[in-house]
Amino acid sequence: MSRLLAIIVLACSLGIAQSKEAELLAQDPIVVEQRLTVISEEMRCLVCQNESLAGSRADLALDLRREIRDLIRQGKTDAEIRTFMVERYGDFILYRPPVRTTTWLLWLGPFILLAFAVFALFRFFRLRNRQQKQVAATNIDVERLSALLKEPKK
Amino acid sequence: MKSKFLLPLLVFIGLVGFLAIGLNRDPRYIPSPLVNKPAPEFSIAQLAEPDKSFSPSSMQGQVWVLNVWASWCTACREEHPSLLKLAASATAPLIGLDYKDARADALAVLKKEGNPYLLSAFDLSGRVGINYGVYGVPETYVIDKKGVIRFKHIGPMNPELLEKTIYPLIAELKKS
């Protein structure tokens, strides 16, 4: 029992230590920039839609990066920052759309196509096998025929 | 044998159909997640009177229109006559959000072209804009009595939109 208690206390203190470290890390400019890059590379710039938020020089992208930087410094997690952006700009801002009823075709579509392709391939093989068997049979027929023809006449 | 030629044709027609739909849609139109959500609260200085502030909660109890604009935005000049019309009709108070602008430039534009706004809030940093999901000025929001965003339009306002969508919507929201 006391051992269990010790483990729990240790685990909790570990959690506190980690959160303290996370807080310190959130203030380190290099860490902030690294996290900013990771987060913003996964987001679309809404003004110039073919660029990521990380790579865009549009005014809005600049502002949004500043916003993300502030959120990181406030100690928000990546998931919380992502939710912040989605709440304002919608799923469109994410390069990886979440799985929802409206996006299931997007996610499952390629696998459905793959299933069709595999089905078609098997059908093609079955058909070819059957044809080859028929050809083989006719070959035997030809041999028998020639053998019969070669037989000396009585 | 016939179906062998018919199948690729059908696939091709399907593909063309998808492409036709895809190419005719406006890639700049992004559905806003903020519609039917409470309008984000803020409190920032007004454009004309910097020592006074504006916040959406002060509009509680009435249907109002929020228009995001800027002096540097050319499409805003295009929609200006429509906004003046909306203001003149007195259907609902029109509040401006002057987005990332210089105060002198913004005031000069309003002086030259007329001021359709009851007042404009001055969003220098663009923070309020981010909370409203602004990505292309001009944008227009219709907000109901409870402070919920009921409609959002991205791009310049036009007379047709006013007559067909905005006026009927405001009338309906006023009833509730």
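Where in chain B is the place of B:P138? I looked this up before anything else. B:P138 sits in the loop between α4 (127-131) and β6 (139-143) of chain B. I then checked the peptide bond leading into it: from B:V137 to B:P138 the bond is cis, with omega near 0°. I note here that the model is predicted.

**Entry: strand β6 of chain B**

I went on to the strand that follows in that loop description, β6(B). Five of its five residues are buried, so β6(B) is largely enclosed by the rest of the structure. I sorted the side chains by direction. B:E139, B:Y141 and B:I143 point one way, while B:T140 and B:V142 point the other way, and all are buried.

Next I looked up the pairing of β6(B). Strand β3 (residues 64-69) of chain B runs antiparallel to β6(B), and five bridges join the two. With strand β7 (residues 149-154) of chain B, the arrangement is also antiparallel, and five bridges join that pair.

I followed B:T140 through both pairings. On the β3 side, B:T140 is the bridge partner of B:N67. In β7(B), the residue opposite B:T140 is B:H153.

I also checked the turn. The hairpin of β6(B) and β7(B) has five residues between the strands, and in it B:G147 takes a positive phi near 85°.

**Entry: positive phi outside glycine**

I looked for residues other than glycine with positive phi and noted two cases. B:N36 has a phi of about 70°. It lies in the loop between α1 (2-24) and β1 (44-45) of chain B. B:K100 has a phi near 50°, and its loop is the one between β4 (94-99) and α3 (103-113) of chain B.

Is each of them buried or exposed? I counted C-beta neighbours. B:N36 counts as exposed because it has 11 of them inside 10 Å, and the cut-off for exposed is 12 or fewer. B:K100 has 20 other C-beta atoms within 10 Å and is therefore buried; the cut-off for buried is 20 or more.

**Entry: the nonpolar core**

I looked up the largest nonpolar core and found 56 residues in it. B:W64 and B:V65 are the residues with the most contacts inside this core. By element, α3(A) gives the most to it, with six residues.

I then listed the contacts of B:V65, leaving aside its neighbours within four places in sequence. They are B:L86, B:A92, B:L94, B:T140, B:Y141 and B:V142. Of these, I had already met B:T140, B:Y141 and B:V142 as buried residues of β6(B).

**Entry: chain A**

I turned to chain A for its general make-up. It has five helices and zero strands, and its pattern along the sequence reads α-α-α-α-α. I noted 154 residues in chain A, of which 14% are buried. For contacts in chain A between residues at least 6 apart in sequence, I found that 45% join residues at least 24 apart.

**Entry: where the chains meet**

How many residues of chain A are in contact with chain B? I found 13, and they are in contact with 11 residues of chain B. On the chain A side, α3 (59-73) and α4 (78-89) each supply at least two of the residues that touch chain B. By class, I recorded seven nonpolar, two polar and four charged residues on that side of chain A.

Definitions and conventions
Residues numbered from 1 in each chain as written. Chains lettered and ligands numbered in written order. Predicted model: local features only at pLDDT ≥ 70, side-chain atom pairs only at ≥ 80, totals over all residues. Helix = DSSP H or I, 4+ residues; strand = E, 2+ residues; numbered from the N terminus. Pairing = 2+ DSSP bridges. Contact = placed C-beta atoms within 7 Å. Nonpolar A, V, L, I, M, F, W, Y, C, P; charged D, E, K, R; others polar. Core = buried A, V, L, I, M, F, W, Y, C linked by C-beta atoms within 7 Å.
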